[in-house]
Amino acid sequence: MLTVAVLISGTGSNLRALLEAARHPDFPARVVVVGADRQAEGLAHAEEFGIPSFTVPWHEHENRAAWGDEVARQLAVWKPDLVVLSGLMRLLPPALVAEYSPRLINTHPAYLPEFPGAHGVRDALAAGAEQTGASVIVVDDGVDTGPILAQERVPILPDDTEHSLHERIKPVERRLLIDVVRRIATGDLPLTSA
Ligand code: GRF
């Protein structure tokens, strides 16, 4: 059974989808802990599913490295086989990436390498693109530059807002994430750093 830690910042809807998938006896992975960089709304999902959680508040740490060291200490308690960034709005420091990558994956609301960064949905709209997408990647030291594990196109509709487009992308992200975690767990998807 693959053990998974999930790190979030927001509402955690992708986390919730993974928790729901993972409670099926046939699913080959279990979420063992959820971590956040703030009092994220999504921590409520962990509580509801009886999964332990921790918060390492970004603003209580002197710099990225110090914050990352504390996240690493918390994760070490659970020794997860895989760490999933699901809406974590922080770049991880190099030491944390080095410790877990390629067993460190991220979901992104665009068809990478198009529209990397924190505003992937907004940037796709601003560019006047006709389609964008969702991606699941291995985290490396760049911003959304790691190897792509799965991705799928999502059309942009003429009256889309950032919110409506993001709400259409998220279900695709969830499906891709669950499928990637399953395939990693069964060994169908080997993780490599490049
Ligand atoms: C997802 O689109 C994720 O890729 C992005 O933020 C969103 C997280 O949503 N970085 P949620 O917290 O899972 O609802």
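Reader: In which loop does Phe-115 lie?

Author: This model is predicted. Phi of Phe-115 is near 50 degrees, a positive value in a residue other than glycine. As for its place in the chain, Phe-115 lies in the loop between S5 and H5.

Reader: Where does Pro-113 lie, and what is the omega of the peptide bond from Leu-112 to Pro-113?

Author: Pro-113 lies in the loop between S5 and helix H5, which spans 120-126. The peptide bond that leads into Pro-113 from Leu-112 is cis. Its omega is near 10 degrees.

Reader: Is the peptide bond from Ser-101 to Pro-102 cis or trans?

Author: Pro-102 is found in the loop between helix H4 (94-100) and S5. Omega from Ser-101 to Pro-102 is near 10 degrees. That peptide bond is cis.

Reader: Which residues surround the ligand?

Author: The ligand sits in the largest pocket. Its shell divides into one nonpolar, nine polar and two charged residues. The residues around the ligand are Gly-10, Thr-11, Gly-12, Ser-13, Asn-14, Gly-87, Thr-107, His-108, Pro-109, His-166, Lys-170 and Glu-173.

Reader: Which element gives the largest share of the shell around the ligand?

Author: Helix H1 (13-22), strand S5 (104-108) and helix H6 (162-186) each supply at least two residues of that shell. The largest share is three residues. It comes from H6.

Reader: How far is a polar side-chain atom of Thr-11 from an oxygen atom of the ligand, and how much of the ligand's accessible area does the protein cover?

Author: A polar side-chain atom of Thr-11 lies 2.5 Å from a ligand oxygen atom. On its own, the ligand has 370 Å² of accessible area. The protein covers 90% of that area.

Reader: What are the distances from Gly-12 and Lys-170 to an oxygen atom of the ligand?

Author: For Gly-12, the atom is a backbone N or O, and it lies 2.7 Å from an oxygen atom of the ligand. For Lys-170, the atom is a polar side-chain atom. Its distance to an oxygen atom of the ligand is 2.8 Å.

Reader: Is Ser-13 buried, partly exposed or exposed?

Author: Ser-13 is found in helix H1. It also belongs to the residues that surround the ligand. Its C-alpha is 8.3 Å from that of Arg-174, although the two are 161 residues apart in sequence. With a relative accessible area of 22%, which falls between the 20% and 50% limits, Ser-13 is partly exposed.

Reader: Why does Asp-144 count as buried?

Author: Asp-144 lies in the loop between strand S6 (131-138) and strand S7 (148-155). Its phi is near 60 degrees, a positive value in a residue other than glycine. Buried means under 20% relative accessible area. Asp-144 counts as buried because its value is 14%.

Reader: Why does Phe-49 count as buried, and how far is its C-alpha atom from that of Arg-16?

Author: Phe-49 has its place in the loop between helix H2 (43-48) and strand S3 (53-55). It counts as buried because its relative accessibility is 19%, and the limit is under 20%. Phe-49 and Arg-16 are 33 residues apart along the chain. Their C-alpha atoms are separated by 9.0 Å.

Reader: Is Pro-25 buried or exposed?

Author: Pro-25 lies in the loop between H1 and strand S2 (29-36). Its C-alpha is 28 Å from that of Gly-10, with their positions 15 residues apart along the chain. Exposed means over 50% relative accessible area. The value for Pro-25 is 68%, so it is exposed.

Reader: How far apart in space are Leu-149 and Val-136, C-alpha to C-alpha?

Author: Leu-149 is found in strand S7. It counts as buried, at 14% relative accessibility. In sequence, Leu-149 and Val-136 are 13 residues apart. In space, the C-alpha to C-alpha distance is 5.5 Å.

Terms used
Residues are numbered from 1 along each chain as its sequence is written. This is a predicted model: local features need pLDDT of at least 70, side-chain atom pairs count only at pLDDT 80 or more; totals for chains, interfaces and linings use all residues. Side-chain values use heavy atoms; hydrogens and water are left out. A residue is near a molecule or strand if one of its heavy atoms lies within 4 Å of it. A polar contact is a pair of N or O atoms within 3.5 Å; within protein, one must be able to donate a hydrogen and the other to accept it, and residues adjacent in sequence count only if both atoms are side-chain atoms. Accessible areas come from the Shrake-Rupley method with a 1.4 Å probe; for residues, only the protein chains shown count as cover. On a 1 Å grid over the protein atoms alone, a cavity is a set of points where a 1.4 Å probe fits but cannot get out, and a pocket is an open set with protein on both sides within 12 Å along at least five of seven lines; lining residues have an atom within 4 Å of a point. A molecule sits in a cavity or pocket if more than half of its atoms lie within 2 Å of its grid points. Helices (H or I, at least four residues) and strands (E, at least two) are DSSP runs, numbered from the N terminus. Ala, Val, Leu, Ile, Met, Phe, Trp, Tyr, Cys and Pro count as nonpolar, Asp, Glu, Lys and Arg as charged, and the others, Gly among them, as polar. Buried means under 20% relative accessible area, exposed over 50%, partly exposed in between (1.4 Å probe, protein chains only).
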